[in-house]
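Visitor: I am new to this structure. Please take me through one part of it closely, and then show me what lies around it.

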Amino acid sequence: MIEIQLPDGTVVSHPDDATPLSVANAIGSRLAKAVIAAQVGTVVIDANRPLKSFSNGSPIPLRLLTERDPESLDVLRHSSAHIMARAVMRLFPEVSLAFGPTISNGFYYDFHMPHKLTEEDFGKIEQEMASIIAKSEPFEQFSLDRNQAVLLCQDMKQELKVEHIQSGLANHSELGFYRQGEFVDLCRGPHIPDAGRVKAFKIMSVAGSHWKGNMSGPQLQRLYGTAWFDKKDLQSHLDQLEEAKKRDHRVLGKKLGLYQITPDVGQGMCLWMPKGARVRSLLEDFLRREMLKRGYEPVYSPHLGRVELYETSGHFPYYRDSQFPPLFVHDAGALVDAWARRLGEDQDFSPQQETMFLQAAEVLGFDAAVYTKAESKEAKIAALNEWQRNHERFLVKPMNCPHHAQIFKAQPRSYRDLPLRLFEFGTVYRYEQTGELNGMLRVRGLTQDDAHIFCTADQVEEEFRNTIELTRFVLESVGLQDYRVQLSLRDPKSDKYVGSEENWQKAEAALRKVLEESGLNFNTAEGEAAFYGPKADFMVRDCIGRHWQLGTVQLDYNLPERFQLEYTGADNKSHRPVMIHRAPFGSMERFVGMLIEHFAGAFPMWLAPEQIRICPLSEKTNDYAGELEKRFIEAGFRVTTDLRGAKVQAKIRDAQLDLIPYMAVVGPKEAETRSIALRDRISGELGTKPLEEVFEMLSQEVASRQIRQVAERKFTEPPAATETSSHEY
Ligand SMILES: [Zn+2]
Ligand SMILES: [Zn+2]
């Protein structure tokens with residue numbers, strides 16, 4: 001017999017061959033029918049997997065997963081990837097399978113095949129999937145040793161799987177497969193009990209990809225799909241996508257004159273047009289004021305730093321692939337750098353190639369004396385690196401932190417100076433892959449609303465509380481009320497972390513305490529912390545139900561160590577400060593891009609680039625309109641006047657299309673009574689009001705940062721799945 005502990009704490013005994021399904025059956029046949037998969041500890045497993053392998057003396061903690069558990073959706077979607085692959089193999093010849101993981105809201109499968117998939121194939125594939133689902137065949141797991149696994153994959157002509165077993169899975173002695181009818185796939189699972197559990201699915205799109213992401217590897221076709229337990233959920237998801245399309249910030253950004261990306265300036269580089277720049281500067285001013293109130297100090301730092309600075313911080317060469325290449329002041333710099341890297345990559349070079357390198361480098365002014373004396377490869381690399389250190393190299397900054405660490409270090413610090421909170425809207429540059437770029441959301445030059453707090457270990461709790469409070473305030477000020485916090489903690493079993501055990505324990509306890517006291521909706525993720533410290537991320541849901549990771553607060557024990565930061569304590573001894581990185585917006589580009597979609601381009605009064613449009617009835621009231629414009633500007637409003645000879649109805653229509661919050665319609669009657677026929681973009685005519693009353697009302701709306709524009713959620717929210725997962729080995 002084995003002992004199983006259910007989520008309510010009760011321990012039950014079951015025969016040795018018990019599976020989650022048999023445990024469910026013992027509770028009730030209704031439950032058994034509803035079981036999709038199960039969870040033992042943190043591992044999700046098949047409903048028919050024997051539980052005995054998990055016994056280790058204490059009762060096995062078992063949770064049965066039904067359609068209601070978010071983990072089930074992931075299992076359903078991955079299983080749907082198998083079903084889709086099976087359908088594709090039935091329809092097209094010579095299909096070689098790569099990987100079929102889940103992603104947020106769906107799944108994909110990568111295929112290597114001669115037929116080029118297009119949207120016209122989707123209907124056929126969906127039909128084939130439907131007939132597979134209708135048969136409700138089970139997913140059956142079996143294991144093979146390495147040799148048999150390779151033979152089976154060869155037999156099935158699955159060359160990519162053979163390669164994966166031989167390279168990526170070289171240290172696995174046994175490999176798992178799943179069979180579903182005639183379809184067999186190398187997979188670690190888990191899956192739904194049978195194909196009939198898929199109640200709603202759709203193929204979404206197809207795109208190109210590469211085997212294991214390697215650009216020089218075989219070109220694959222990635223077919224995307226989505227699957228749900230309920231047709232209503234699928235429909236709701238499709239509605240959400242439709243709504244998202246209407247709000248696409250790339251379309252609205254261009255139409256409303258907010259930002260541009262031009263081929264001449266380059267991909268991933270935002271040009272902020274006057275209206276977008278207005279929104280950004282309003283947000284920056286708002287945050288700057290708040291930070292000054294809360295004891296932050298503004299600093300500025302250059303867009304470049306010496307390569308050595310980032311070697312000290314660890315950002316170079318470790319993250320080199322995602323950075324712009326260094327700027328070499330010496331002509332031979334790039335050549336010497338390239339040669340040193342090739343040597344370091346263990347590439348073999350012929351003596352002729354080395355001679356060619358030396359000749360070219362010497363033409364450019366490289367002094368080869370030390371290099372030519374070096375015999376081993378290591379000595380040669382050292383000689384090249386030494387030469388580099390004697391010549392200036394700069395990096396366009398990928399991070400602001402090293403600069404701020406230098407500001408801390410620039411003078412002696414005492415415990416009385418702490419906490420020291422330095423902030424900067426700092427622009428950083430990352431070399432994102434072209435395929436990853438996405439309007440303002442994924443760019444190559446971005447401005448972080450960055451700050452670094454240097455404090456003592458005892459101050460961590462208070463500083464964390466303040467940053468959480470600031471982030472909440474900032475998000476709620478733009479109408480983002482719906483969010484939760486993810487607290488990422490250490491994996492207690494791992495030893496990859498820097499910083500003392502005592503500091504980690506203290507910090508994690510402090511962070512947890514602050515979040516508990518804050519009343520915020522939060523969850524903890526063990527093992528998700530960076531090696532240098534725990535962190536908290538704000539996961540925000542926008543008005544159409546999409547999730548965005550925005551503000552972040554991150555503790556850091558690593559950089560103070562690397563930069564040898566110190567302060568003198570009350571005990572007159574030298575101590576290491578803790579560093580906190582935090583950014584409530586994240587980056588201005590991404591945040592504004594997200595806001596455009598959240599508001600569908602209709603910014604609330606306090607953020608609108610143009611708040612009021614004055615629409616004179618005819619030329620006769622142009623003078624009054626001009627006077628009015630002056631008074632609005634003096635009162636601090638952003639206002640324009642439509643002086644075209646057009647009918648007032650046309651002026652109002654255009655102002656509505658430009659998403660301007662208020663229209664001031666004025667004719668001879670209004671001019672005479674010093675009043676405005678006020679129109680609201682949302683509720684229409686508000687009647688004729690005296691000037692002073694309008695000023696008062698609109699000023700109030702700006703000062704209170706009122707949000708009225710957000711569209712209501714029109715559809716029920718589909719259930720959310722857990723994080724994406726690969727299912728492959
Ligand atoms: Zn699978
Ligand atoms: Zn930082």
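Visitor: Are His-82 and Cys-187 buried or exposed?

Guide: Both His-82 and Cys-187 are buried. Keep in mind that this is a predicted model. Now look at the metal these two residues hold. His-82 and Cys-187 are among the protein donors of the zinc ion (ligand 1). The full set is His-78 through NE2, His-82 through NE2, Cys-187 through SG and His-191 through NE2. These donors lie 1.9 to 2.1 Å from the zinc ion (ligand 1).

Next, the geometry. The 4 donor atoms subtend angles of 90 to 128° around the zinc ion (ligand 1), so the arrangement is tetrahedral. The cut-off explains the label: four donors count as tetrahedral if all angles lie between 85 and 135 degrees.

Then, the sequence. The spacing of the donor residues reads H-x3-H-x104-C-x3-H. His-82 and Cys-187 link distant parts of the chain, 105 residues apart. His-82 sits in helix H3, residues 70–91. Cys-187 sits in the loop between strand E11 (183–186) and strand E12 (200–210).

A second metal can be read in the same way. The zinc ion (ligand 2) has Cys-401 (SG), His-452 (NE2) and His-581 (ND1) as its protein donors. They lie 2.0 to 2.4 Å from the zinc ion (ligand 2). Here the donor spacing is C-x50-H-x128-H. Cys-401 belongs to helix H15 (residues 401–409) and His-581 to strand E28 (residues 578–583), so the pair ties together parts that are 180 residues apart in sequence. Cys-401 has 4% relative accessibility, so it counts as buried. His-581 has 13%, and also counts as buried. The cut-off for buried is under 20% relative accessible area.

Now step away from the metals. Glu-308 is found in helix H10, residues 307–313. Its relative accessible area is 17%, so Glu-308 is buried. Set aside its neighbours within four places in sequence. Glu-308 is then in contact with Gln-388, Arg-389 and Arg-393.

Gly-545 is another buried residue, with a relative accessible area of 7%. Its place is the loop between strand E24 (535–541) and strand E25 (547–556). Compare its position with that of Asp-482. In sequence, Gly-545 and Asp-482 are 63 residues apart. In space, the C-alpha to C-alpha distance is 9.3 Å.

Two helices deserve a look as well. Helix H11 covers residues 333–344, and helix H12 covers residues 351–363. Their axes come within 10 Å and cross at roughly 160°. H11 and H12 are therefore roughly antiparallel to each other. The crossing of H11 past H12 is left-handed. On the H11 side, Leu-335, Val-336 and Trp-339 make the contact. On the H12 side, Gln-353, Glu-354, Phe-357, Ala-360 and Ala-361 make it.

Last, the whole chain. The protein chain has 23 helices and 33 strands. Its C-alpha atoms fill a box of roughly 95 × 75 × 60 Å, taken along the principal axes. Of its 729 residues, 50% count as buried. Take the contacts with a separation of 6 or more: residues 24 or more positions apart account for 71% of them. Back at the starting point, His-82 and Cys-187 give one example of a pair that links distant parts of the chain.

Note on methods. Residues are numbered from 1 along each chain as its sequence is written. Chains are lettered from A and ligands numbered from 1 in the order in which they are written. This is a predicted model: local features need pLDDT of at least 70, side-chain atom pairs count only at pLDDT 80 or more; totals for chains, interfaces and linings use all residues. Side-chain values use heavy atoms; hydrogens and water are left out. Donors are N, O and S atoms within 2.8 Å of the metal (3.2 Å for Na, K and Ca); water is not among the atoms, so sites may look incomplete. Four donors count as tetrahedral if all angles lie between 85 and 135 degrees; four count as square planar and six as octahedral if opposite donors are over 155 degrees apart and all others between 65 and 115; anything else is irregular. Helices (H or I, at least four residues) and strands (E, at least two) are DSSP runs, numbered from the N terminus. Buried means under 20% relative accessible area, exposed over 50%, partly exposed in between (1.4 Å probe, protein chains only). Axes are lines fitted to C-alpha atoms, for helices over the stretch in contact, and angles run from 0 to 180 degrees between N-to-C directions. Angles under 35 degrees count as roughly parallel, over 145 as roughly antiparallel, 65 to 115 as roughly perpendicular and the rest as oblique. A crossing is left-handed if the near helix is turned anticlockwise from the far one by less than a right angle, and right-handed if clockwise. Contact means heavy atoms within 4.5 Å.
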